[in-house]
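Here are my notebook entries from a session with this model. I kept them short, and I hope they read easily beside the viewer.

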Amino acid sequence: MDFNKVLLIGNLTRDPEMRYSGSGAGICKFGVAVNRKYRKQDGDMQEETTFVDIVVFGRQAETCNEYLKKGSGALIEGRLNYESWQAQDGSKRNKLSVVGERVQFMPRGGGGGGGGRGDYGGGAQQHSMEPPSSGGESFDDDVPF
């Protein structure tokens, strides 16, 4: 059984690049930086950044090109894609990227906390992964149904 699913939250490292296929389908490419914080064995905190190339197709590509820019936060759900080719100098090249099947626009930083500028449009919403506080507040009014 095979399963190829990727879920990333990060910030764009460059403005999206939009182009169209021969059939007119939109193709949008951009890069995302994803951070990871962890504690080393000696107790010191360590942070590492992974840079991932993303490609999105169709209407989602056009929406990404319209609303995202360098520094924008995004949640990308997609699949891994492996490409291999021979360069002009004869060397073999390969690249692992993510084909974004669903992109949700988020505030810069990828988490809750109001760091966004509110210019992402598209009706996308950002939801906090943190449980509600137990300060006696009722959250029943926030349920959309």
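**Entry 1: a pair in the helix**

I began with Glu62, which is partly exposed at a relative accessible area of 27%. My cut-offs here: buried is under 20% relative accessible area, exposed is over 50%, and partly exposed lies in between (1.4 Å probe, protein chains only). Glu62 makes a salt bridge with Arg59, with 3.3 Å between the closest N and O atoms. I call it a salt bridge when a side-chain nitrogen of Lys or Arg is within 4 Å of a carboxyl oxygen of Asp or Glu. Arg59 is exposed, with a relative accessible area of 56%. The two sit 3 residues apart in helix H1, so about one helical turn separates them.

A note on what I am looking at: this is a predicted model, where local features need pLDDT of at least 70 and side-chain atom pairs count only at pLDDT 80 or more, while totals for chains, interfaces and linings use all residues. Residues are numbered from 1 along each chain as its sequence is written, and side-chain values use heavy atoms, with hydrogens and water left out.

**Entry 2: the layout**

I then stepped back to the whole chain. The protein chain has 1 helix and 6 strands, and from the N terminus the order is β-β-β-β-α-β-β. These elements are DSSP runs numbered from the N terminus: helices are H or I with at least four residues, strands are E with at least two. Of the 145 residues, 28% count as buried. I also looked up contacts, meaning heavy atoms within 4.5 Å. Among contacts with a separation of 6 or more, 52% join residues 24 or more positions apart. The accessible surface comes to about 10300 Å², and 47% of that belongs to carbon and sulfur atoms; these areas are from the Shrake-Rupley method with a 1.4 Å probe, and for residues only the protein chains shown count as cover.

**Entry 3: the core**

Which residues touch the most other members of the largest nonpolar core? I found Phe30, Ile54, Cys64, Ile76 and Val103, out of 18 residues in that core. Strands S1 (6-12), S3, S4 (45-57), S5 (73-86) and S6 (92-106), along with helix H1 (58-67), each supply at least two residues. S3 gives the largest share, 4 residues. For the record, such a core is a set of buried Ala, Val, Leu, Ile, Met, Phe, Trp, Tyr and Cys residues joined through side-chain atoms within 4.5 Å.

I clicked on Phe30 next. Leaving out residues up to four places away in sequence, Phe30 touches a list that includes Leu12, Pro16, Ile54, Cys64, Leu68 and Ile76.

Gly31 lies in strand S3 (residues 26-39) and is buried at 1% relative accessibility. With the sequence neighbours up to four places away set aside, Gly31 touches Asn11, Leu12, Thr13, Arg14, Val52 and Asp53. I also took the C-alpha distance from Gly31 to Lys70: 8.9 Å in space, for 39 residues in sequence.

**Entry 4: two cysteines**

How many disulfides does the structure hold? I counted 0, taking a disulfide as a pair of cysteine sulfur atoms within 2.5 Å. Cys28 is in none, and the nearest cysteine sulfur, in Cys64, is 5.5 Å away. That gap is too far for a bond. Cys28 is buried at 0% relative accessibility, and Cys64 is buried at 0% too.

**Entry 5: back to the charges**

Side chains of opposite charge can pair when their charged atoms come close. The salt-bridge count is 10.

Asp53 and Arg14 meet in one of them, at 3.3 Å from N to O. This pair links distant parts of the chain, 39 residues apart: Asp53 is in strand S4, and Arg14 is in the loop between S1 and strand S2 (17-20). Asp53 is partly exposed at 25%, as is Arg14 at 28%.

Arg102 and Glu77 form another, with the closest N and O atoms 3.8 Å apart. Arg102 is in strand S6 and Glu77 in strand S5, with their positions 25 residues apart in the chain. Arg102 is partly exposed at 46%, and Glu77 is partly exposed at 22%. Both belong to a salt-bridge network with Lys5, Arg79 and Glu101.
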